[in-house]
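Hello,

Here is the structure you asked about, with notes on what turned up in it. Please open it alongside this email.

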Amino acid sequence: MATRATRRPRVLLLLVAAVLVAVAPAAATLQPVDYLALQAVGRALSDMPGSRFFASWDFTGDPCAFAGVSCSGDGRVVSLALGDPRAGAPGLSGVFPAAALARLSALSSLSLVPGLVSGELTIAVATLPSLRFLALSGNLLSGDLPGAFSPALRTVDLSKNSFSGSIPSSLLLIRSLRTLVLSHNSLSGKIPGMVSSPLVHLDLRNNRLSGGVPSLPETLVYLSLAENRLSGRVGAELRRLPRLSFLDLGGNWFSGEVPGEVFSFRIVYLQLRKNAFSGELRPAGRVPAGATVDLSHNELSGRVPPELAPASAVYLNGNKFAGEVPREIAAAAQDGRMRVLFLQDNFLTGIGVGGVPASAAVCAHWNCVAPPPPVVAACPAKGGRGRRRPPAQCAGRRL
């Protein structure tokens, strides 16, 4: 018969065993559907040379400890970040495991680092009920975008892929959506006419979108529609976006006047180059100090407005501006507050403060590159591209 003293070690061993069972690998507690889905993801994708993302995916251990996997207390995968997130790290290759991912019904965050993953984004993945964050940028995904998305989404980034077709109207009706990035794809058609999502960041640049710009939410801070085939007037739409700090409409066919209210917004970057904007500039206020303003290659005319003087970089080349450059702008370039001032290919007759500032480098040809000192792009010499001539001698000719 065992004595009390001999029974104590056995009790201690049983307690230790109970603790070990309680903290056993989550493979025993992770729901089977999620466990099998992760296995399918691991079979579909592989590391590109130099990547070791899947090195920790050993299914004899705890899947919730795998790189990029986060689980809830009840054994569900809630976050899946596929690939090494460090900048410049190699990505993944393979076929997007849509069927497997669609089985992770508790997933709230899904991301994929840039790599060589091909395939399609299916509606079953896009409509996962708890999905709030979806980022698959910089891969080889193709096909049409799904016709429906999760109503819980706050961020969608599908940029730098090969998606085609139109932008689903349902995507811009999600009441929780704050960030939408679809840039650098092959999307075509019009921007949906009804936009009720409270967007803060909208980036649709470098696609094949056509038509006009619909009414956009006043919540927008960042808007880029550059390098598309958009056209028409945008004055009414832009006036409704007073929170904008970044606006890029470059490389389209927009026309009409540039609304003066835009210059008084908290604009840090205003890019309207290579369009068909016309008429005089009538800023409603001075641009914020340090802003970049690029209005080059349009049909703008009249005087150069002095309200541009606080900007750090101003590109007005390739327009029909006339008269003298205002003293405020010349002084800003002279004392270094304005680092870049491009004026060539206009009808300007001179600089308001005794010609070109002595401290500024004069760029007298088309291919000038602005060095750190202030740059004032002047007119090309009539007889050649290498000679410098003061802007006052360019009267009657395009600078």
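Where does Ala 148 lie? Ala 148 is in the loop between β8 (140-144) and β9. Please keep in mind throughout that this is a predicted model.

Ala 148 and its surroundings

With a relative accessibility of 25%, Ala 148 counts as partly exposed, because the partly exposed class runs from 20% to 50%. Setting aside neighbours within four places in sequence, Ala 148 is in contact with Ile 123, Ala 126, Thr 127 and Ser 170. Its C-alpha is 7.4 Å from that of Pro 168, and the two residues are 20 apart in sequence.

One of those contacts, Ala 126, belongs to helix α4. Ala 126 is buried, at 0% relative accessibility. Beyond four places in sequence, Ala 126 touches Leu 131, Pro 146, Ala 148, Phe 149, Ser 150 and Leu 153. Between Ala 126 and Leu 153 there are 9.3 Å from C-alpha to C-alpha, with the pair 27 residues apart along the chain.

The chain overall

The protein chain has 399 residues, and 49% of them count as buried. It has six helices and 28 strands. Among contacts with a separation of 6 or more, 40% come from residues 24 or more positions apart.

The nonpolar core

In soluble globular proteins, nonpolar side chains tend to be buried together. Here the largest nonpolar core has 95 residues, and Trp 57, Leu 80, Phe 96, Leu 110 and Leu 247 are the ones with the most contacts inside it. At least two residues of this core come from each of α2 (32-44), β3 (77-82), α3 (98-102), β5 (109-112), α4 (123-126), β24 (320-325), α6 (327-334) and β26 (347-351). Helix α2 gives the most, with five residues.

Leu 80 is worth selecting in your viewer. Leaving out residues up to four places away in sequence, Leu 80 touches Leu 38, Trp 57, Gly 68, Val 69, Leu 101, Leu 104, Leu 107, Ser 109, Leu 110 and Ser 111. Two of these, Trp 57 and Leu 110, are also listed among the core residues with the most contacts.

The largest pocket

The largest pocket holds about 150 Å³ of space. It is lined by 14 residues, of which Ser 111, Leu 112, Val 113, Phe 133 and Ala 135 are the closest to its centre. Two or more lining residues come from each of β3, β5, β7 (133-135) and β9 (155-157). By type, the lining divides into eight nonpolar, five polar and one charged. Strands β3 and β5 therefore appear in two lists, as each supplies at least two residues of the largest core and each gives two or more residues to the lining of this pocket, with strands taken as DSSP runs.

The disulfide

How many disulfides are there? The count comes to one. The bond joins Cys 64 to Cys 71, with an S to S distance of 2.1 Å. The torsion about the S-S bond of Cys 64 and Cys 71 is about -100°, so this disulfide is left-handed. Both ends are partly exposed: Cys 64 has a relative accessibility of 21%, and Cys 71 has 25%.

Backbone points to check

Most residues other than glycine have a negative phi. Glu 227 has a positive phi, near 55°. Glu 227 is in the loop between β15 (222-224) and β16 (229-233), and is partly exposed with a relative accessible area of 32%. Asp 345 also has a positive phi, of about 60°, although it is not a glycine. Asp 345 sits in the loop between β25 (340-342) and β26. At 18% relative accessibility, Asp 345 counts as buried, because the cut-off for buried is under 20%.

A further loop position

Pro 214 is found in the loop between β14 (208-211) and β15. Is Pro 214 buried or exposed? At 11% relative accessibility, Pro 214 counts as buried. Apart from residues up to four places away in sequence, Pro 214 touches Ile 191, Pro 192, Gly 193, Val 195 and Glu 237. For Pro 214 and Glu 237, the C-alpha atoms are 7.2 Å apart and the residues are 23 apart in sequence.

Regards

Conventions. Residues are numbered from 1 along each chain as its sequence is written. This is a predicted model: local features need pLDDT of at least 70, side-chain atom pairs count only at pLDDT 80 or more; totals for chains, interfaces and linings use all residues. Side-chain values use heavy atoms; hydrogens and water are left out. A disulfide is a pair of cysteine sulfur atoms within 2.5 Å. Buried means under 20% relative accessible area, exposed over 50%, partly exposed in between (1.4 Å probe, protein chains only). A nonpolar core is a set of buried Ala, Val, Leu, Ile, Met, Phe, Trp, Tyr and Cys residues joined through side-chain atoms within 4.5 Å. Helices (H or I, at least four residues) and strands (E, at least two) are DSSP runs, numbered from the N terminus. Contact means heavy atoms within 4.5 Å. On a 1 Å grid over the protein atoms alone, a cavity is a set of points where a 1.4 Å probe fits but cannot get out, and a pocket is an open set with protein on both sides within 12 Å along at least five of seven lines; lining residues have an atom within 4 Å of a point. Grid points are joined across faces, edges and corners, and a volume is the space filled by probe spheres set on the points. Ala, Val, Leu, Ile, Met, Phe, Trp, Tyr, Cys and Pro count as nonpolar, Asp, Glu, Lys and Arg as charged, and the others, Gly among them, as polar.
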